[in-house]
Amino acid sequence: MPKLPESKRRPWQPKKPKQARLNPNSDFYNSKQWRSLRNYYIQRNPLCEACQRQKPSKVTGGQVVDHIKPINMGGEHLKLDLSNLQTLCHPCHNSKSGKEGWEYRKKNKKK
């Protein structure tokens, strides 16, 4: 009996490289300084802060430490400032990042 292919990739399609998105902040996010600050912050604030603001009775664990004012949008000097950090769950982080990306593209399109 014939076997099904292990992947849906066709043999004539080129294989896509498996690597993280490269951006100017990659070195910062891979630095020991950021990783240790991130671990410290998430231990102190383990719950999603956006979920707590929206519904105080909702308890969701946070997985991502996010910059309130993004580095790419003028928060360069606040990279390691605790007051510019917040713990978010993945859905809240994706929503916030999507809105920021949309605003950033909209602003650059007008230029």
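## Salt bridges

A salt bridge is a side-chain nitrogen of Lys or Arg within 4 Å of a carboxyl oxygen of Asp or Glu. In this predicted model, that rule gives a count of 3 salt bridges.

One of them joins Asp66 to Lys96, with the closest N and O atoms 2.8 Å apart. This pair links distant parts of the chain: Asp66 belongs to strand β1, Lys96 belongs to helix α4 (residues 90-110), and 30 residues separate the two. Another salt bridge brings together the side chains of Lys96 and Glu100, at 2.3 Å from N to O. Here both partners lie in helix α4, 4 residues apart, which is about one turn of the helix. An α-helix has 3.6 residues a turn, so residues three or four places apart point the same way. Asp66, Lys96 and Glu100 are thus linked in a network of salt bridges.

## Buried and partly exposed charges

Are Asp66 and Lys96 buried or exposed? Both are buried. Lys96 has a relative accessibility of 17%, and because buried means under 20%, Lys96 counts as buried. Glu100, with a relative accessible area of 16%, is buried as well.

The side chains of Lys79 and Glu76 also meet in a salt bridge, at 3.0 Å from N to O. Glu76 is partly exposed, its relative accessible area being 45%.

## His93 and strand β1

His93 is found in helix α4. Along the chain, His93 and Asp66 are 27 residues apart, while their C-alpha atoms are separated by 7.4 Å. If neighbours within four places in sequence are left aside, the contacts of His93 are Val64, Asp66 and Leu88.

## The nonpolar cores

The largest nonpolar core has 8 residues: Phe28, Trp34, Leu37, Tyr41, Ile42, Val65, Ile71 and Leu85. Helix α2 (residues 32-44) supplies the largest share of this core, with 4 residues. A second, separate core has 6 residues, among them Cys48, Ala50, Leu88 and Cys92. In soluble globular proteins, nonpolar side chains tend to be buried together.

Phe28 is a member of the largest core. Which residues is Phe28 in contact with, leaving aside its neighbours within four places in sequence? They are Trp34, His67, Ile71, Lys79 and Leu80.

## Helix α2

Helix α2 has 13 residues, and at 1.5 Å a residue the helix should span 18 Å. The C-alpha atoms at its ends are 18 Å apart, which agrees with that expected span.

Four named residues of α2 are buried: Trp34, Leu37, Tyr41 and Ile42. They cover an arc of only 125° around the axis, and therefore lie on the same side of α2. The face of α2 turned away from this buried side carries the exposed residues Lys32 and Gln43. What do the buried residues of α2 pack against? Their partners are the helices and strands α1 (26-29), α3 (49-54), β1 (64-67) and β2 (85-88).

## Confidence

The protein has a mean pLDDT of 83, and 77% of its residues reach 70 or more. Confidence is lowest in α1, where the mean is 84, and highest in β2, at 96. Where pLDDT is low, the predicted coordinates should not be read in detail.

Conventions:
Residues are numbered from 1 along each chain as its sequence is written. This is a predicted model: local features need pLDDT of at least 70, side-chain atom pairs count only at pLDDT 80 or more; totals for chains, interfaces and linings use all residues. Side-chain values use heavy atoms; hydrogens and water are left out. A nonpolar core is a set of buried Ala, Val, Leu, Ile, Met, Phe, Trp, Tyr and Cys residues joined through side-chain atoms within 4.5 Å. Buried means under 20% relative accessible area, exposed over 50%, partly exposed in between (1.4 Å probe, protein chains only). Contact means heavy atoms within 4.5 Å. The expected span of a helix is 1.5 Å times one less than its number of residues. The arc is that of the directions from the helix axis to the C-beta atoms. pLDDT is the predictor's confidence in each residue, from 0 to 100.
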